[in-house]
Amino acid sequence: MKKFVNALSLITLLALILTLAPGAVLAQEAACESDVVVQGDDWLSKIADKFLGDPLAFPAIVEATNAMAASDSSYATIKDANVIEVGWKLCIPSSAEATAALAVESGSAFWAEAGKPYAGVTIRGISESTPPSRYAAEVLAPAFEKETGIKVEFEVTSWDQMYDKPIKDMQANTGIYDFIYIEQDIIYSYLAQNFLVNLTQMLNEKPELKSPDFDIANFTSFIDNFKDANGDVYGVPMEAFVKIMLYRKDLFENPDIQAAFKEQYGYDLAPATTFQQYQDIADFFTEYGKANNMELWGTTVQGTTGHAASFYEYYESIAPSFGLYNWGIKDVGGGSYKACVANGGEMNSDLAKQALAWWAGLLKDAPPEATSSTWDEVAATFAAGRAAQGWVYGENAAWIATDATRSKVVGNVGVALPPTGEGVMDAAKAGTGYIGYYDGGAFGIPYSSKNKEAALLWLEYIGQPSVQAQWATAGSRIVMNATFDDPLVKAQDARTDGYYTLLKEQGPLFRGAPPFPFHAQVQSTVAPFIWKTLSGELQAADALDQACAAAETEMTNLGYSK
């Protein structure tokens, strides 16, 4: 069901299939090589790739299924190849029948022609194992190979390895990777070290490689994160989302629970807008879980000790919602950065200490896995129904809300903005502050790549408008303005309690990581102090006093603090 072919080609294929008169279909003897029942994370092109060896063969499944449905009501009737439902029974024709049914050119002439000089070339890339990345690897990469003859070897791995491997590759200039994932918060370090190919310049120098379907103007303003001071682009956005608050609607909207909560706290149960409300709700549902012998706690906490995830939850989600921005690091002039209050910074300010102490205090209302939870485990915890509320990365919102094979809370997921401190929301609306993290990344070409031209074609391929809608619903990510209005996305928006609407309308209240060229070094320097707070080894105040001093020492060593 993926629209990864040229829009005109897709329309032609679907028109051919979906306008076939019943008599024309039944004139052929319908037969199924096998039957498939749609699962929560399925789409037609993925099924076509698995059973027919070609993601572009999905129209043959549509044709065969509709033919069977005409005489057997156990099969689904597919009216729109972009929309299939969990539980539908589909007919998979034989590969020979699929080939015969699709004796129509499936791809754009551009991709076939542009790919000719590189046919048989293999490009290798690396990205974190996330829903958007897996979709690119499992669906878009095979489609690109079909269109161009260029093979894509796509390594999806852990967050740590996604950084470590390409950095070592680029430092050594070994050329292992031809495209890499560039997280929004690391781009500044990469640019400072000249690690990336200037895509704007390359497209200007090689016009024969410029796809007519690729246009920088199609992207949201998120692409600005991957531009240099001259406005040149170094990465093609592949995912963008905000870190939102999810809550259990089945709990929050239960009349008995509502009555009990109001009796105890004196106000109506609803998604928290203040930190005291959030704490009250967390306390209430933790006790409710105990009283009812349930595996239920009041909140998630991304509180792993030993991984950067806890640093990021505090500094890019919790701290901004209190009104502490940019990690509390300030440019005091002349390119000199300070972290400690005594020197002009805010990392150990009273507000920062209050925020850290509040967040660490939530551990008493979090499930036991919280102190080993990264973003992945937090999503799994909420999907398992083990928390009543929590900050969750938006890339996980779609599957948590819709995939019954992986989530126990399908149909009961509410989406809301996080609680904020006094004046924070007003500052965010005025553009002088922000309430949380706008996350995401792009694919870029390392300067060390040995297949830059083939990699450029791949980046343009994933940057086509025609591939965006299905990708958006599979991975809760949107990087193009027009995608918000796609019917498929609107349908998914309804199933996710308006997540995509929130992303569109409230996205400007969130912001990405600060543009620090010393991001990675300071993050790794400060993180251990956050871990010690979460483990109880240090109080929040002492941890941040030590953290700011360590951060300033590191920035001085790097030449960023005088």
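**Figure 1. Close-up of buried Cys-91 and its disulfide partner in the predicted model.** At 1% relative accessibility, Cys-91 counts as buried, because the limit for this class is under 20% relative accessible area. In this predicted model, a disulfide links Cys-91 to Cys-32, with an S to S distance of 2.1 Å. The link of Cys-32 and Cys-91 is left-handed, with -120° about the S-S bond. Cys-32 lies in the loop between helix 2 (22–26) and strand 1 (34–37), whereas Cys-91 belongs to strand 2 (residues 89–92), so the pair ties together parts that are 59 residues apart in sequence. Cys-32 is partly exposed, its relative accessible area being 25%.

**Figure 2. Close-up of the disulfide between Cys-340 and Cys-548.** The sulfur atoms of Cys-340 and Cys-548 are joined at an S to S distance of 2.1 Å. With 100° about the S-S bond, the link of Cys-340 and Cys-548 is right-handed. Cys-340 is found in the loop between strand 8 (336–338) and helix 15 (350–361), and Cys-548 in helix 24 (residues 540–558), so this pair ties together parts that are 208 residues apart in sequence. Both Cys-340 and Cys-548 are buried. The count for the model comes to two disulfides. When the bonded cysteines of the protein chain are numbered in sequence order, the pairing reads 1-2, 3-4.

**Figure 3. Close-up of the largest cavity, with a volume of about 120 Å³.** The model has two cavities of 30 Å³ or more. The lining of the largest cavity comprises 15 residues, of which Glu-128, Glu-183, Trp-375, Tyr-393 and Asp-439 lie nearest its centre. Strand 5 (179–183), strand 6 (236–248) and helix 14 (308–322) are the elements that give two or more residues to this lining. By class, the residues lining the largest cavity divide into seven nonpolar, one polar and seven charged.

**Figure 4. Close-up of the second largest cavity, with a volume of about 30 Å³.** Residues lining the second largest cavity include the aromatic side chains of Tyr-315, Trp-327, Tyr-434 and Tyr-437. Pro-320 and Pro-514 also belong to the lining of this cavity, as do Gly-512 and Ala-513. Glu-316 and Arg-511 are further members of the lining. The lining of the second largest cavity has seven nonpolar, one polar and two charged residues.

How values were computed: Residues are numbered from 1 along each chain as its sequence is written. This is a predicted model: local features need pLDDT of at least 70, side-chain atom pairs count only at pLDDT 80 or more; totals for chains, interfaces and linings use all residues. Side-chain values use heavy atoms; hydrogens and water are left out. A disulfide is a pair of cysteine sulfur atoms within 2.5 Å. Helices (H or I, at least four residues) and strands (E, at least two) are DSSP runs, numbered from the N terminus. Buried means under 20% relative accessible area, exposed over 50%, partly exposed in between (1.4 Å probe, protein chains only). On a 1 Å grid over the protein atoms alone, a cavity is a set of points where a 1.4 Å probe fits but cannot get out, and a pocket is an open set with protein on both sides within 12 Å along at least five of seven lines; lining residues have an atom within 4 Å of a point. Grid points are joined across faces, edges and corners, and a volume is the space filled by probe spheres set on the points. Ala, Val, Leu, Ile, Met, Phe, Trp, Tyr, Cys and Pro count as nonpolar, Asp, Glu, Lys and Arg as charged, and the others, Gly among them, as polar.
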